[in-house]
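Please open the model in your viewer and keep the sequence panel beside it. The tour moves from one selection to the next, and each stop says what is there.

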Amino acid sequence: MKGKRKIISILLVLVLFFCSCGMENIAGETVESEQIVEESTVEDSTIENSATEESEEMPAIVFMLRVDLYEWNRDKDINKPMSLISFFDNQGNLYFMKDSYANGLIYKDIYNEFAEGKLNDYLTLVTTCELDELRENYELLKSVAENEELRLVPDRYIAPDGHPDVEGDANYWWSAFYYNEDGNLTWIEFRTQSNYPYGITYRADDERTDQIYEWLVSVSETWK
């Protein structure tokens, strides 16, 4: 009887020993699991920070001038361009585009098509500008866009003969893309001109947009 008790006692000791080892292994696995979760969280945060840093860079297209020809002034052929488009990219390149491919494309479409490289075959490089100057005017534009009460107001009368760089009547739209405070891509129109019927230029009621416009013209007369 005593022998049986001794055997039972030994078995109980062995059971307790193996149970304690199992608990240590489980605890170890739990710690490792927690470490993996913590490391994953840090990596995700780094990705988010990288995205935020990228939003501080200039967008693919910064400034754009779009000239929409009046229906009676353009060729009736649907395969002919309805608009003349030029824009500055974030590398300081000024491109010009005159092709029916852009017919029907809105601003966001043009931006996305350029960012994806789909406009490369339709673009002509006009000139380049100093990247520091481009960034300076981009930052100026962003500060203007922060004004929620910004309006386009009549500027001056344009002679009936219209814009000197384009034959006949057309509408002109000076605009820009920028990243807002939330890092979202945004678009703003800061100057327009209609040569028909009265030939009036509308400009944003902020003198800083005049500085931007004068700089654009200094880079290329086609923006005047």
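## Starting at Y138

Select Y138 and display its neighbours: leaving aside residues up to four places away in sequence, Y138 touches E57, M58, P59, V62, F63, F177, Y178 and Y179. Bear in mind throughout that this is a predicted model. Is Y138 buried or exposed? With a relative accessible area of 0%, where under 20% counts as buried, Y138 is buried. If you now draw a C-alpha to C-alpha distance from Y138 to V62, you will find 7.1 Å in space, although the two residues are 76 apart in sequence.

## Helix α3

Extend the selection to helix α3, in which Y138 is found. This helix has 15 residues and spans 21 Å from its first C-alpha to its last, close to the 21 Å expected at 1.5 Å a residue. Colour its buried residues next, which are L134, N137, Y138, L140, L141, K142, V144 and A145, and then show what covers them, including β1, β2, β6, β7 and α4.

## The nonpolar core

Which residues of the largest nonpolar core touch the most other members? Select F63, F88 and F190, which hold that place among the 46 residues of this core. At least two core residues are supplied by each of β1 (61–69), β2, β3, α2 (107–115), α3 (131–145), β6 (170–179), β7 (185–194) and α4 (207–219).

## Strand β3 and its partners

From F88, move to its bridge partner L94 in β3. Strand β2 (residues 83–89) runs antiparallel to β3 and is joined to it by four bridges; the two strands form a hairpin with three residues between them, and in the turn G92 has a positive phi of about 90°. On its other pairing, β3 is joined by five bridges to strand β4 (residues 123–128), again in an antiparallel arrangement, and here you can select N93 together with its bridge partner T128 in β4. Because four of the five residues of β3 (residues 93–97) are buried, this strand is largely enclosed by the rest of the structure.

## The whole chain

Finally, clear the selection and view the protein chain as a cartoon, which has four helices and eight strands, following the pattern α-β-β-β-α-β-α-β-β-β-β-α along the sequence. Of its 224 residues, 35% count as buried, and the chain exposes about 14500 Å², of which carbon and sulfur atoms supply 52%. Among contacts between residues at least 6 apart in sequence, 67% join residues at least 24 apart.

Definitions and conventions: Residues are numbered from 1 along each chain as its sequence is written. This is a predicted model: local features need pLDDT of at least 70, side-chain atom pairs count only at pLDDT 80 or more; totals for chains, interfaces and linings use all residues. Side-chain values use heavy atoms; hydrogens and water are left out. Buried means under 20% relative accessible area, exposed over 50%, partly exposed in between (1.4 Å probe, protein chains only). Two strands pair if DSSP finds at least two bridges between them. A nonpolar core is a set of buried Ala, Val, Leu, Ile, Met, Phe, Trp, Tyr and Cys residues joined through side-chain atoms within 4.5 Å. The expected span of a helix is 1.5 Å times one less than its number of residues. Contact means heavy atoms within 4.5 Å. Accessible areas come from the Shrake-Rupley method with a 1.4 Å probe; for residues, only the protein chains shown count as cover.
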